[in-house]
Amino acid sequence: MSYVIALMEKEAGLGYRLAGVDVRETPTSEEMGRQAKSLSRDPGVRLVILDEDLFRGLPDALQRTLEENRSPLFVPVPSLPLRKGAPRPEEYVARLIRRAVGYQIRIRR
């Protein structure tokens with residue numbers, strides 16, 4: 001079992017595969033939810049990377065459960081390319097940091 005697993009659509013998972021990450025294809029939000037629940041009970045998994053589009057299709061209660069889980073840590077990431085209306089990269093990073101440390105930060109360029 002891999003410590004890092006990505007739950008992605010086929011195309012989005014290609015880059016993760018090239019980086020050596022174990023990718024499990026999840027064409028729908030329902031499939032992602034089923035696999036995420038299964039992985040949440042696996043003590044060997046440390047980090048689960050989630051396709052943000054599919055993640056936002058999960059029921060709110062399951063999204064909160066996954067976001068609050070600490071082992072493994074579930075991290076939704078946007079699929080590339082970023083679509084119109086998606087948060088800017090610095091906003092997304094600030095949101096991840098706020099979630100991890102509990103403080104709001106402002107990123108300057």
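What follows is a walk through a predicted model, taken from its strands to its salt bridges and then to its surface.

The strands offer a convenient starting point. Strand 1, which covers residues 4-8, pairs with strand 2, residues 22-25, in the parallel sense, and four bridges hold the pairing. Within that pairing, A6 has V23 of strand 2 as its bridge partner. The connection between the two strands passes through helix 1, residues 10-18, and strand 1, helix 1 and strand 2 together make a β-α-β unit that is right-handed. Further along the chain, strand 3, residues 47-51, runs parallel to strand 4, and five bridges join the two. Here V48 stands opposite F74, a residue of strand 4. Strand 4 is largely enclosed by the rest of the structure, because four of its five residues are buried. When following any of these strands by eye, it may help to recall that in a regular strand the side chains alternate between the two faces of the sheet.

The approach to strand 4 deserves a separate look. P72 sits in the loop between helix 4 and strand 4, the strand itself spanning 73-77. The peptide bond that joins S71 to P72 is cis, with omega at about 0°.

Strand 2 also brings in residues that are not fully covered. R24 belongs to this strand, and with a relative accessible area of 25% it counts as partly exposed, because the buried class is reserved for values under 20%. Along the chain R24 and D42 are 18 residues apart, and their C-alpha atoms are separated by 15 Å. E25 is likewise partly exposed, at a relative accessible area of 38%, and its side chain forms a salt bridge with R17, in which the closest N and O atoms are 3.5 Å apart. R17 is itself partly exposed, its relative accessibility being 37%.

That pair leads on to the charged contacts elsewhere in the model, where the count of salt bridges comes to five. In general, side chains of opposite charge can pair when their charged atoms come close. R95 and E52 meet through their side chains in one such salt bridge, with 2.9 Å from N to O. This pair links distant parts of the chain, since R95 lies in helix 5 and E52 in helix 3, residues 52-55, with their positions 43 residues apart in sequence. The surroundings of the two residues can be set side by side: R95 is partly exposed, with a relative accessible area of 31%, whereas E52 is buried, with a relative accessible area of 9%.

E67 and R56 form a further salt bridge through their side chains, at 3.7 Å from N to O. This pair, too, links distant parts of the chain, E67 being in helix 4 and R56 in the loop between helix 3 and helix 4, 11 residues apart. E67 is partly exposed at 26% relative accessibility, and R56 is partly exposed with a relative accessible area of 39%. Through salt bridges that share partners, E52, R56, E67 and R95 are joined into one network.

Helix 4, residues 60-68, also contains Q63. Is Q63 buried or exposed? With a relative accessible area of 9%, Q63 is buried, because that value falls under the 20% cut-off. Once its neighbours within four places in sequence are left aside, Q63 is in contact with F55, R56, G57 and L58. R56 therefore appears in two settings, as a contact of Q63 and as a member of the salt-bridge network.

The last part of the tour concerns the surface and the segment after helix 5. Which residues make the nonpolar surface patch of about 500 Å²? The patch is made by V93, I97, V101, Y103, I105 and I107. Among them, I105 is placed in the segment after helix 5, the helix itself covering 89-101. I105 counts as partly exposed, with 32% relative accessibility, and because patch residues must have over 30% relative accessible area, I105 meets that condition. R108 lies in the segment after helix 5 as well, and its relative accessible area of 68% places R108 in the exposed class, because that class begins over 50%. R108 and R46 are 62 residues apart in sequence, and from C-alpha to C-alpha the two are 31 Å apart in space.

Conventions:
Residues are numbered from 1 along each chain as its sequence is written. This is a predicted model: local features need pLDDT of at least 70, side-chain atom pairs count only at pLDDT 80 or more; totals for chains, interfaces and linings use all residues. Side-chain values use heavy atoms; hydrogens and water are left out. Patches are made of residues with over 30% relative accessible area and no salt bridge: like charges are joined within 9 Å, nonpolar side chains (Val, Leu, Ile, Met, Phe, Trp, Tyr) within 5 Å. Accessible areas come from the Shrake-Rupley method with a 1.4 Å probe; for residues, only the protein chains shown count as cover. A salt bridge is a side-chain nitrogen of Lys or Arg within 4 Å of a carboxyl oxygen of Asp or Glu. Buried means under 20% relative accessible area, exposed over 50%, partly exposed in between (1.4 Å probe, protein chains only). Two strands pair if DSSP finds at least two bridges between them. A crossover is right-handed if, with the strands pointing away from the viewer, the path from the first strand over the helix to the second runs clockwise. Contact means heavy atoms within 4.5 Å.
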